[in-house]
Amino acid sequence: MPTVDVINLENQKVGSLELAAEVFAAEVNENLLYESVRHHMAGQRKGLASTKTRHEVAGSGKKLWKQKGTGRARMGSIRSPLWRHGGTVHGPQPRDYSYRLNRKMILGALRSALSAKLRDGELRVVDAFSLADAKTKNFAAKLAKLDASSSVLLVEAGDNRNLALGSRNIPGVKLVSSKEVTTYDLLKHKNVLLSKSAAEKLSEGLK
């Protein structure tokens, strides 16, 4: 079982923690990481591109001229796709790009991401995110002491109002609960700071 140092917000070692080998020392599967990130990004797509068909564009439905006798080609509507300002044929329509990914694949990707972060020295465990107030300036100073002032993912086990308010306005810093952490967030941020309770929950929940 991998053992990591537990530090406080002053970047001082206050103990150690044994993590589940199945979660934090798993084999890194790059294919799973790719599929998980692709699945996440597909779910974020808006899919709002839209064009109007001949039934939706503005214009009269009156027949432009009589069918025969004019010498011109027959024409039924000014909204025909053949005409300027007419409808669009087979154009993009609003759609949902999300798709279902097997739960075992999602959990496997999470294990791979956590293991890769720990292997690369980009994951640390903090004893507790105990803040006296919710001031952004004070929490930014704490991050500076931890050498994690930019691109930081904070993972907390439960509600922490001071942490949520103190971190929300710092660029590159994101706070998620241990239940909502994703492979995409883990790979996107350079540094990952887990609270001790969050690390324990992930060790138990992802076995």
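Here are four short exercises on this structure, each with a worked solution.

This is a predicted model, in which local features need pLDDT of at least 70, side-chain atom pairs count only at pLDDT 80 or more, and totals for chains, interfaces and linings use all residues. Residues are numbered from 1 along each chain as its sequence is written, and side-chain values use heavy atoms, leaving out hydrogens and water.

**Exercise 1. The nonpolar core**

Find which residues touch the most other members of the largest nonpolar core, and which elements give two or more residues to this core.

Step 1: start with the terms. A nonpolar core is a set of buried Ala, Val, Leu, Ile, Met, Phe, Trp, Tyr and Cys residues joined through side-chain atoms within 4.5 Å. Buried means under 20% relative accessible area, exposed over 50%, and partly exposed in between, with a 1.4 Å probe and protein chains only.

Step 2: look at the members. The largest core has 27 residues, and those touching the most other members are Phe 24, Leu 114, Val 155, Val 181, Leu 186 and Leu 194.

Step 3: turn to the elements. Helices (H or I, at least four residues) and strands (E, at least two) are DSSP runs, numbered from the N terminus. Two or more core residues come from each of β1 (3–7), α1 (21–24), α3 (103–119), β3 (123–126), β4 (152–156), β6 (191–195) and α7 (196–205). Helix α3 gives the largest share, five residues.

Step 4: note the other core. Apart from this one lies a core of 15 residues, including Ile 7, Leu 9, Val 126 and Leu 193.

**Exercise 2. Two packed helices**

Describe how helix α2 (residues 30–44) and α3 pack.

Step 1: take angle and distance. Two packed helices are described by the angle between their axes and the distance between the axes. Axes are lines fitted to C-alpha atoms, for helices over the stretch in contact, and angles run from 0 to 180 degrees between N-to-C directions. For α2 and α3 the angle is about 115 degrees, and the axes are 9 Å apart.

Step 2: name the arrangement. That angle makes α2 roughly perpendicular to α3 (under 35 degrees is roughly parallel, over 145 roughly antiparallel, 65 to 115 roughly perpendicular and the rest oblique).

Step 3: list the contact, meaning heavy atoms within 4.5 Å. Helix α2 brings Leu 32, Leu 33, Glu 35, Ser 36 and His 39, while α3 brings Met 105, Ile 106, Gly 108, Ala 109, Ser 112 and Ala 113.

**Exercise 3. Positive phi**

Is His 85 buried or exposed, and where is Asp 147 found?

Step 1: recall the background. Most residues other than glycine have a negative phi.

Step 2: check His 85. Its phi is near 70 degrees, a positive value. His 85 sits in the loop between α2 and α3 and is exposed, at 59% relative accessible area.

Step 3: check Asp 147. Its phi is near 55 degrees, also positive. Asp 147 lies in the loop between α4 (136–145) and β4.

**Exercise 4. A buried histidine**

Which residues does His 189 touch, not counting residues up to four places away in sequence?

Step 1: place His 189 in the loop between α6 (183–188) and β6. His 189 is buried, with a relative accessible area of 6%.

Step 2: list the partners, which are Lys 117, Ser 151, Val 152, Leu 153, Gly 172 and Lys 174.

Step 3: compare sequence with space. His 189 and Leu 153 are 36 residues apart in sequence and 5.9 Å apart in space, C-alpha to C-alpha.
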